[in-house]
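User: Could you walk me through this structure and explain the words you use as you go? I would like to know what lies behind each label.

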Amino acid sequence: MTIFGIDLGTTNSLIALYRDGRAELAPNRFGQVLTPSIVSLDDNGALIVGSLAKEISILQPHKAARVFKRGMGSTQRYNVGSASYTAVELSSFVLRSLKEDAEHHFKIPVTRAVISVPAYFNNHQRQATIQAAQLAGITVERLINEPTAAALAYSLHDQEEDAHILVLDLGGGTFDVSIIEKFDDIMEIHASGGDNFLGGEDFTKVMEKILGEKAGHLAQDAAFVRKTPQYAEQLKVALANTDMASLEIVGAADRKRIEVSRQEFEKRAEELIERIKAPILRTLRDSGLKPQDITHVVLVGGSTRLFFMRRLVTSLLGKMPTSHLDPDTVVAIGAASQAALISKNQGIADKVLTDVCPYSLGVEIAQSSGSGQYEAGIFSPIIERNQPIPCSRSELYRPIHPKQKELNLRIFQGESLKVENNILIGELSISLGRKEPEKESIEVRFTYDISGVLEVEATVVSTGARHRIIINNSASHLSDAELNQRFLELAALKIHPRDQAANQHLLTKAERLYEETLGDVRNYLSELIITFKGILNQQNPQEIEKAQQDFAERLAEIEGRL
């Protein structure tokens, strides 16, 4: 049984397979292991995923969808040209692209996978991830929390026997924290926390605001506005290695050089930096560990390269983070390693891996406030956060009204005493016994598995009648019939052929560079584009392959001088 590991990221996604004693990342059709999680349309109306979609999103943002991972488990829709899709559907396009690339590279079908999700993903978001995989023709063997995957990759790489590992995973759209104890061949997660709406994209938006203020009259220029996210990302990345970064912004008829200092950027991002600290401190408290108990700090996700992260870690924990693993690829490597453990791959030593429930799970109750009065909307936890999983817990509840014939059990996920501040994830109607229902009791059992799927079973004690649901009724849930129908519809969508996509990617990049340059360079690019299109029209595979390489090298040379 071959199982792949997939990191389905907000900014980039990857797929890997554990073979010959290591996790091997599959390159995409452009020879890169990172595939941008962006979906767009090309000029022919074909759906494009990855690097080409990223280029199109810069030139024609209305034709592209990005950062849709944040909408997983919701009803939010994203426009791609004149069509609109849910985050589940867009994620399925990314997964299908990864599947095609891996099948091309490894020469075997991709039908099963372990997929990583943020540790702080709720049940709605986890179920949405499983649905996206189903639409892409992939069966999910297990969902693995991203920090857990990173820690597994670290554990396989580092031979030290005993350690307390703090994993900080700051991706494009989410921030996760996990504390993991490693001893012998056991990895035990002590606690997880995080913020589902904090990531590198938020820091990019801060830089966009700075750029808008510094742009002066160019702030209203359509050409500048379209390129602002690209400029902001370039400056943010540049500040990782220097105290002052600058670039030239280009409008329709003017240009201007802008400088941004680390100090300025950090001051404007203070609120976001504080939001990074809070989950770290809370996760330490939940684990019962002190900063000095932490042996290693592992940074995961490209956004951990932000210049203030190392200083923040050092000030909070008193130690420098480990940096010998690539933060962009470590989650995919860990997911592939978990896949190898599931499939009993002989090339990987057996390890016992435990995880925890990242949220408290419980039901809504009415609580007595004295004098026969009840306060409704109170959260009663059954499984509390950071409980090791898989786990099963039960509580007894009673109806509060005499002659009550039915009990409506509302199931929530969250940490607030008031259910209105938590997430409703399911409901279950329970018929009570006919005689003296006010004396009836209901045993409610929650069972939470390693993929983050919750089973709720309610038993009427007097009759033994059982009511059971699996929590998968997220806002984006589809019935089996709807899922099959949507699968057929999505399968019929035109996805650009492999070779044509590579050519189109180069042409789109050249057109972007044409917009960004002037004079002789622009004329040179025009000649390159016309020449390359002429070779494509000849439809000679050998000539096209040579021209692709030459065209790519010339574009890279021009881009390097900008």
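What follows is a conversation about how some features of this structure get their labels.

User: Before the labels, how do you know what the values rest on?

Analyst: This is a predicted model, in which local features need pLDDT of at least 70, side-chain atom pairs count only at pLDDT 80 or more, and totals for chains, interfaces and linings use all residues. Residues are numbered from 1 along each chain as its sequence is written, and side-chain values use heavy atoms, with hydrogens and water left out.

User: Why is Met 309 called buried or exposed?

Analyst: Good place to start! Buried means under 20% relative accessible area, exposed means over 50%, and partly exposed is in between (1.4 Å probe, protein chains only). Met 309 has a relative accessible area of 0%, so it is buried. You will find Met 309 in helix 9, residues 308-317. Helices here are DSSP runs of H or I with at least four residues, strands are runs of E with at least two, and both are numbered from the N terminus.

User: What does Met 309 touch?

Analyst: Contact means heavy atoms within 4.5 Å. Not counting residues up to four places away in sequence, Met 309 touches Leu 168, Leu 170, Ile 276, Leu 299, Ser 303 and Thr 304. For a sense of scale, the C-alpha atoms of Met 309 and Asp 101 are separated by 33 Å, with their positions 208 residues apart along the chain.

User: How do helix 8 and helix 9 pack?

Analyst: Helix 8 (residues 270-287) and helix 9 have axes 11 Å apart, at an angle of about 35°. Axes are lines fitted to C-alpha atoms, for helices over the stretch in contact, and angles run from 0 to 180 degrees between N-to-C directions. On one side the meeting residues are Ile 273, Ile 276, Lys 277, Ile 280, Leu 281 and Leu 284 of helix 8, and on the other Phe 308, Met 309, Leu 312, Leu 316 and Leu 317 of helix 9. By class, this contact has ten nonpolar, no polar and one charged residues. The classes work like this: Ala, Val, Leu, Ile, Met, Phe, Trp, Tyr, Cys and Pro count as nonpolar, Asp, Glu, Lys and Arg as charged, and the others, Gly among them, as polar.

User: Why are helix 2 and helix 3 called oblique to each other?

Analyst: Helix 2 (residues 87-106) and helix 3 (residues 123-135) pack at an angle of about 50°, with axes 8 Å apart. Angles under 35 degrees count as roughly parallel, over 145 as roughly antiparallel, 65 to 115 as roughly perpendicular, and the rest as oblique. The two helices are therefore oblique to each other. Helix 2 brings Val 88, Glu 89, Ser 91, Ser 92 and Leu 95 to the contact, while helix 3 brings Ala 128, Gln 131, Ala 132, Ala 133 and Leu 135. That contact divides into six nonpolar, three polar and one charged residues.

User: What makes helix 10 mostly covered?

Analyst: Eleven of its 13 residues are buried. Among them are Val 330, Gly 334, Gln 338 and Leu 341.

User: How do you know whether Lys 227 is buried or exposed?

Analyst: Lys 227 has 3% relative accessibility, so it counts as buried. Lys 227 lies in helix 6 (residues 222-238). Leaving aside neighbours within four places in sequence, Lys 227 is in contact with Glu 515 and Glu 516.

User: And why does Ala 376 count as buried or exposed?

Analyst: Ala 376 counts as exposed because its relative accessibility is 54%. Ala 376 lies in strand 20, and its contacts, leaving aside neighbours within four places in sequence, are Ile 365, Ala 366 and Lys 418.

User: Where are Asp 20 and Asn 386, and are they buried or exposed?

Analyst: Asp 20 lies in the loop between strand 2 (12-19) and strand 3 (22-25). With a relative accessible area of 75%, Asp 20 is exposed. Phi of Asp 20 is near 55°, a positive value in a residue other than glycine. Asn 386 is in the loop between strand 20 (373-383) and strand 21. At 10% relative accessible area, Asn 386 is buried, and its phi is near 65°.

User: What joins Ile 389 and Pro 390?

Analyst: A cis peptide bond joins them, with omega about 5°. Pro 390 sits in the loop between strand 21 (388-389) and strand 22 (391-397).
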